[in-house]
Amino acid sequence: MGVQRMSLPSDDVGADADADANTGYSRRSLLAAGATGLSVAASGCIDRVQSVVDSDTAEQVSLSILSLPAADGDRETAEIARHLESNLDAVGIDATISTRSESEFLETILIDHDFDLYVGRHPADFDPDFLYETLHSTYEYDQGWQNPFGFTDTLTIDRLLERQREETGADRERTVATLLEGIAQEKPFEPICVANEYRAVRTDRFDGWDENYLTTGSGYLGLESDASSDTEQLHALVTDQRLTQTFNPLSPTTHEQRVIVDLLYDSLAVPRWSVPEETEATDEETQAGEEVIDAANVSIEPWLATDWEWDGENRTMTVDIREDCTFHDHTGGDDTDADGSDDNGSESAIPLTAEDVAFTYRFLADTTYGRAASASPAPRYQGHVSAVDSVTVEDEYQLTISFSTDRAVAERALTVPILPSGSDSPWISHLESSVESADDDWSPTQGDWSIVTTDHAPPTGSGPYKYDSHDAGTSVTLTRVEDHFTLRDDDHDLPAPTADELHFEVDPGTSSSVERVANGDADITTTRLDTYALESTIDDDAVSFVESPSWSFYHIGFNTRSMPCGNTHFRRAVSQLVDKQWVAEEVFAAEDSARPVATPVAEEWVPDSLAWDDGELVTTFEGEDGDLNVDAARELFASNFEYDDGALVW
Amino acid sequence: MLAQVLTRVALVVALALAVSLVVFVGRERLASLRTEWQPRLRQSAPAFALLVVILGLNRIMRQDGYDISQAYGIHMTEVFYSLEGDFVLLFRSIATPEVTTFFSVAYVYVYAFVLIFPVVAYVALSNTVVLRQLLTAYSLNYVIGLVFYLLVIAYGPRNVMIEGMDATHLYYASPEYIHLTTEVNQNRNVFPSLHTSLSATVAIFAYMTRDQYRAWFPVAVGLATSVIISTMYLGIHWAIDVVAGLVLAVVCVVLAKRLVGRWSLSAVFERVRAGDHTESVSGPDREQGEDGV
């Protein structure tokens, strides 16, 4: 313990201590929590911390920054990583960038946990509850999107994460504010900026693109097709080859998979945006000159569910689901396509019932479905399914779901893709064969066993589009499901599939994708564009760049399982090496495309203390205009670590 | 889009080929082809077959090799960057839109021409040994290159340096070529530079055949040099990849000269047909004299 105390300052936590010295009780308790978190994090690494004391064996602190390729990946990420690297080098840390492809990048972080720190984007969500999955210590040893940082703070952060799930209204707002302040102090990750997403679209073949939905599958529904031109196939471009290789909705290492999963699978409910009318827009929104994405603008609306009803305590929900919906049938071959919704097709098709919904929640919580000694949660959707206590099937099309959380969090759980449960289910048959071929004590690796890593082709969902064919690494084609309820039923105003076929083709990157849309070779760039593309001018009225608001934030993620990133003071000091304002203005080429943030949630949830402009808990850059004040920055580290001949040592 | 680019490259190369054959090879040799092409191609058939097999293998492995390199490959991007730093940005000092166009053309069109022209030119030589050596050297380049691609995972400068790459970048300057290059090359396969090794192989052969094709030698060296510089100018390869490519070229030429003529398929074939089952130690040497040097 003596060793740990050495690195804890007596009355000073670094540069931001003066700024927030008078914010009262919450800060004090958080400092205590910080110390606890530190001792927990440090306890596993005593011998490495000890080397701080033993100066004979001291060696320079070295860090590997995981990042993406600049030209063929995400240029903004690579540029932020380069900014961070040079500033880490400047303060005497031996930093190197490890460039990895998108899927390797995710695998290293989410599955292998083999990193010091990384720069990347987090998908985030409209509701701050995504932080539960992201930071709760119950997921400390899990693989997948749940707690990739290995962060544990059982006394403060865990409790706040749990409490905000059960509260409503102003209570929840207060708890979330305290939680966000706590996260900003502990820094398991440091948010840098929230960036809008840009896509190039053609409007001469398909029109009615809704910028709010292009990050989801809904963006590809409810379009208007131009009757005068050939609009059988909508041609979309993606960058990640994996999108055309694996269709497993559980795969954590396929980025930007959401659009295709949304189209292939139905969920009980979907998020809907209500864009404020010009006149109703708040000052802030008008001032920004763009739609600010607000939690208040998003609601969870029925999709596969026709309706749901809450009990008096808002803990149990009775859900009615649509009747006569079926899972896609891949056995019939091409003839079912030609006949559309003929009798043969629907007879052999597997109906979607309440049993499938119940299966989905249980399966996502434990992909071994109780067959192994310990549960194996899916590497995705844990924030969603952990809100569900139990699911009871009432009849074929009705079920009751009881939740451990309040309504806001619970309704978010309704957005997971519904998977088939019957004997024809690919999940069931995969399970059966795994159990059969395994030993008595079957214990698949959570988050990384074959049911998660399989390509899962053809995928069996019930969504508005059905998998047709794919050429691995090149393209995937989906066909419209003629008897999908959005086309069949008329008791709703939900968007229905327009194009007969959706063809997603792999394209190397931003500049060539834009060129292809401009040439008329494609209708949309599904993968978001690097912002430099917006500087190019396209001399074609039918082509435009669409700006979609997004919650997705760029951040530095720390691996708190190992030193030095397991040390809170170290993470705080590193966070002060990134000039977020400069990044938002210079790295993101298009004006107002990114805004620097101190906290990772939608604007509506940002407490005053963490407002970027004047929040007293905002971490500031040690320097100006992207240039580090090296002496001052070294001071940040010197208060907790040692320097030897200009190099930070431990 | 790929088809368009391919067609254009094929047309341009065909045109350049027609002109250069007349200029460098001469009407006389071309005329001899009318009667001679069949036996010459028959003699070189094994070398052609080898190249086709290896190109096919190369294609399969470029796709399936991902998992192998994932398991056994070593990430070298940062090592290369720390070793040579911003060296390739030196070429940026000469960057203008015209220069970028020149090197983009070199990278795509000149490269294709440089590889194809000597094959046709050497068919026009009465002795096929040079042709067979060239084809074998191509095959060796691909095989050895492929092994390195599986073992060394590295991204090129364009994926590491951000400042200073925009103007000179093939991807930003001529996005239509990206399709072509991604079709033949994964972005993590940069060490060694096959553009360099194959161009240098052609230049070395041009030196070896300078007596037959006097004018081709300086032209080949000039074209190969511009292809090699284009790989760095466009931010596709590190200088280290280029050096490795040059070494690979020398190794492949030396190996090809040793290997070609050592075994003769036609000799084996003849022997089998003649029913001659007696082991003949001097057999291969005798055959080498016959259809070899």
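Helices and strands here are DSSP runs, with at least four residues for a helix and at least two for a strand. Keep that in mind as you work through these exercises on a predicted model.

**Exercise 1. How far apart are the end C-alpha atoms of residues 106-125 of chain B, and how much of the span is helix?**

Step 1: Find the stretch in the record; an unreviewed UniProt entry annotates residues 106-125 of chain B as "transmembrane region", along with others including residues 6-25.
Step 2: Read off the secondary structure, which is 90% helix and 0% strand for residues 106-125 of chain B.
Step 3: Take the span from end to end: its terminal C-alpha atoms are 27 Å apart.
Step 4: Try residues 6-25 of chain B in the same manner; this stretch is 100% helix and 0% strand, with 26 Å between the end C-alpha atoms.

**Exercise 2. Over which residues of chain B is the pLDDT below 50?**

Step 1: Begin with the whole chain: chain B has an average pLDDT of 83, and 82% of its residues score at least 70.
Step 2: Now look at residues 278-293 of chain B, where the pLDDT is below 50. In the model this stretch makes 16 contacts beyond near neighbours in sequence.
Step 3: Apply some caution, since predicted coordinates should not be read in detail where pLDDT is low.

**Exercise 3. Which strands of the sheet β11-β12-β14-β13 in chain A stand at the edges?**

Step 1: Write down the order, β11-β12-β14-β13 of chain A, an open sheet of four strands with antiparallel pairing.
Step 2: Count partners: β11 (305-310) and β13 (388-395) of chain A have a single partner strand each, so each has one side without a neighbour in the sheet.
Step 3: Add the twist, which averages 20 degrees from one strand to the next.
Step 4: Look inside the sheet, where β12 (residues 316-321) and β14 (residues 398-403) of chain A are joined by five bridges. There Val319(A) has Leu399(A) as its bridge partner.
Step 5: Place the helix: α14 (residues 354-365) of chain A lies across β12, β13 and β14 of that chain, at about 165 degrees to β13(A).

**Exercise 4. Which strands pair with β17(A) in the parallel and in the antiparallel sense?**

Step 1: Locate β17 (residues 501-506) of chain A, with five of its six residues buried.
Step 2: For the parallel sense, take β8 (residues 233-238) of chain A, which pairs with β17(A) over six bridges.
Step 3: For the antiparallel sense, take β16 (residues 475-480) of chain A, which pairs with β17(A) over five bridges.
Step 4: Focus on Phe504(A): Ala236(A) stands opposite this residue, and Val476(A) has Phe504(A) as its bridge partner.

Technical notes
Residues are numbered from 1 along each chain as its sequence is written. Chains are lettered from A and ligands numbered from 1 in the order in which they are written. This is a predicted model: local features need pLDDT of at least 70, side-chain atom pairs count only at pLDDT 80 or more; totals for chains, interfaces and linings use all residues. pLDDT is the predictor's confidence in each residue, from 0 to 100. Two residues are in contact if their C-beta atoms, placed from the backbone, lie within 7 Å. UniProt positions are given in the numbering used here, feature names are shortened, and annotations may be inferred rather than shown by experiment. Two strands pair if DSSP finds at least two bridges between them. Axes are lines fitted to C-alpha atoms, for helices over the stretch in contact, and angles run from 0 to 180 degrees between N-to-C directions. A residue is buried if 20 or more other C-beta atoms lie within 10 Å of its own, exposed if 12 or fewer, and partly exposed in between; C-beta atoms are placed from the backbone.
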